[in-house]
Amino acid sequence: MTPTRAPIRIAVLGAGTVGAEVAAQLLEHREEFEARIGAPIALSGVAVRDLDATRTRALPRELLTTDSRSLVLGANIVVELIGGVDQARELVLLALESGADVVTGNKALLATHGPELFAAAERVGAQLNYEAAVGGAIPIIRPLRDSLAGDHVRRILGIVNGTTNFVLDRMDEEGLGFDEALAEATRLGYAEADPTGDVSGADAAQKAAILAGLAFHTTVPLEKVWVEGITGVTADQVRTARAAGQVVKLLAICERITAPDGTEGVSARVHPALLPRTHPLAAVRGANNAVFVQAESAGNLMFYGAGAGGPETASAVLGDLVSAARRHVIGGPGLIGSAGADLPVLDHGVVETRYQITLAVRDEPGVLARLAGIVSERGVSIETVEQSRAGSDGTASLVVGTHRAREAALAATVEALRDAAEVEAVLGVLRVEGE
Ligand code: HSE
């Protein structure tokens, strides 16, 4: 290709595992990228905190700078991979306001400041691409934003956190306890040194906010995502699930729902749930991610692959980069996702699901009848009951499976059971999904 125009200048902010990989591939495969884009490109620099830090990919020293603002102001496309929220927001806004396109993999930034950033991009006609923010290498943002823009997405079930999927998978496969499985994830490098954001569900909640916003053309604030992590999931629960043909997964669930008063809205939630082993998401092993989309016309779609990793995530970032660069060649304003439907995000209490409640009870006459009364008084219907034979202490375990009911009624049922004299302990509560 004979370059006939000035190169498109690309700035990479951050040289961690993904940033260093993106920069290295831009240098190694520049000509191939130029052929795909139809214009010359130049990596104008890589902003880092420490010029001498050890990196997963070696980068030419002369490209490194600690002056990220100057780098941003001289670029046509800014690739933000520094993570965190405040500095990233400042630099992304600076880039967009100067007319540059932005590619980011920063889920925390988008989940907390998405509307502000999209508005800034729209104002100047710039592109804000973020395929790497959810599901690492898996193409899911573009399919939701573009390919399914003519359909109606009803529901998304996602395994969007690799650390927790790895932990639950080891508990399922090897019968490990939570602590043991997490220690293995840390030893093998799947879990970060501080895995709090993963096991608490916070990381998955950021991704759920992004997916729900895109799928339902609505702004979904992070604080409206209901979150429960996996720290309370026991080896017993996982073993019992396995014996019953189920598996425990941490799911991000985004749905169109209708409140009892008829209000149409959306909900987004993250929690561990029982899935039948026949569900496509049950086959997602190790640290992989998958997003199962249910759309009115398209039916069920499954997007599966690596949710993290340097080269894997760089693949999504570079795809976004090529797309943004092509727009520079063609001209015209950038594509943005639409939030035009502006649906209300409904309270978690109106969500419908099923509960499986495991109780330790006194094995005495009338106990089952009284507990059934507590459940039905809250408008919840029992679907299954399984009781184990009582031990020598007279305590039996009772597993109650409910029919579908609203969260508020189900949660009130669990509280009432907890307070009941016949119940020695509520041993566990898991939602049942995917049936
Ligand atoms: N900590 C995340 C995970 C990495 O375990 O999936 C990608 O967001």
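**Entry 1: the ligand**

I began at glycine 162, where a backbone N or O atom lies 2.7 Å from an oxygen atom of the ligand. I note at once that this is a predicted model, so every distance I write down is computed from predicted coordinates. Next I looked up asparagine 161, and there an N or O atom in the side chain is 3.5 Å from an oxygen atom of the ligand. For aspartate 203 I found a polar side-chain atom that also lies 3.5 Å from an oxygen atom of the ligand. I then listed what surrounds the ligand, and the list, besides Asn161, Gly162 and Asp203, holds Lys107, Thr163, Glu192, Asp198, Lys207 and Gly307.

**Entry 2: enclosed space**

How many cavities of 30 Å³ or more does the structure hold? I counted three of them, and I wrote down that about 40 Å³ of space lies in the largest cavity. Its lining is made by Ile159, Val160, Asn161, Thr164, Asn165, Leu168, Ala204 and Leu250. Asn161 therefore appears twice in my notes, since it belongs to the lining of the largest cavity and to the surroundings of the ligand. Helix α7, which spans residues 162–174, gives the largest share of this cavity's lining, namely three residues. When I sorted the lining by residue type, I had five nonpolar residues, three polar ones and no charged one.

**Entry 3: the second largest pocket**

I turned to the second largest pocket, for which I noted a volume of about 590 Å³. Of the 25 residues in its lining, the closest to the centre of the pocket are Thr240, Ala241, Gln356, Thr358 and Val399. Which element supplies the largest share of this lining? I found that α11 does, with five residues. At least two residues each come from α11 (235–243), β13 (352–362), β14 (382–387), β15 (395–402) and β17 (423–432). By type, the lining residues of this pocket divide into eight nonpolar, 12 polar and five charged. I also checked the domains, and both domain 2 (141–306) and domain 3 (351–432) give at least three residues to the lining of this pocket.

**Entry 4: a sheet**

Last, I followed an open sheet of six strands, whose order I wrote as β3-β2-β1-β4-β5-β6, with parallel pairing. Which strands stand at the edges of this sheet? They are β3 (64–65) and β6 (128–129), each of which pairs on one side only. I looked more carefully at the β3 end, where two bridges join β3 to strand β2 (residues 41–47), and the two strands run parallel. In this pairing I could place one residue against another, for alanine 47 stands opposite threonine 65 in β3.

Conventions:
Residues are numbered from 1 along each chain as its sequence is written. This is a predicted model: local features need pLDDT of at least 70, side-chain atom pairs count only at pLDDT 80 or more; totals for chains, interfaces and linings use all residues. Side-chain values use heavy atoms; hydrogens and water are left out. On a 1 Å grid over the protein atoms alone, a cavity is a set of points where a 1.4 Å probe fits but cannot get out, and a pocket is an open set with protein on both sides within 12 Å along at least five of seven lines; lining residues have an atom within 4 Å of a point. Grid points are joined across faces, edges and corners, and a volume is the space filled by probe spheres set on the points. Helices (H or I, at least four residues) and strands (E, at least two) are DSSP runs, numbered from the N terminus. Ala, Val, Leu, Ile, Met, Phe, Trp, Tyr, Cys and Pro count as nonpolar, Asp, Glu, Lys and Arg as charged, and the others, Gly among them, as polar. Domain bounds come from an automatic or database domain assignment. Two strands pair if DSSP finds at least two bridges between them. A residue is near a molecule or strand if one of its heavy atoms lies within 4 Å of it. A polar contact is a pair of N or O atoms within 3.5 Å; within protein, one must be able to donate a hydrogen and the other to accept it, and residues adjacent in sequence count only if both atoms are side-chain atoms.
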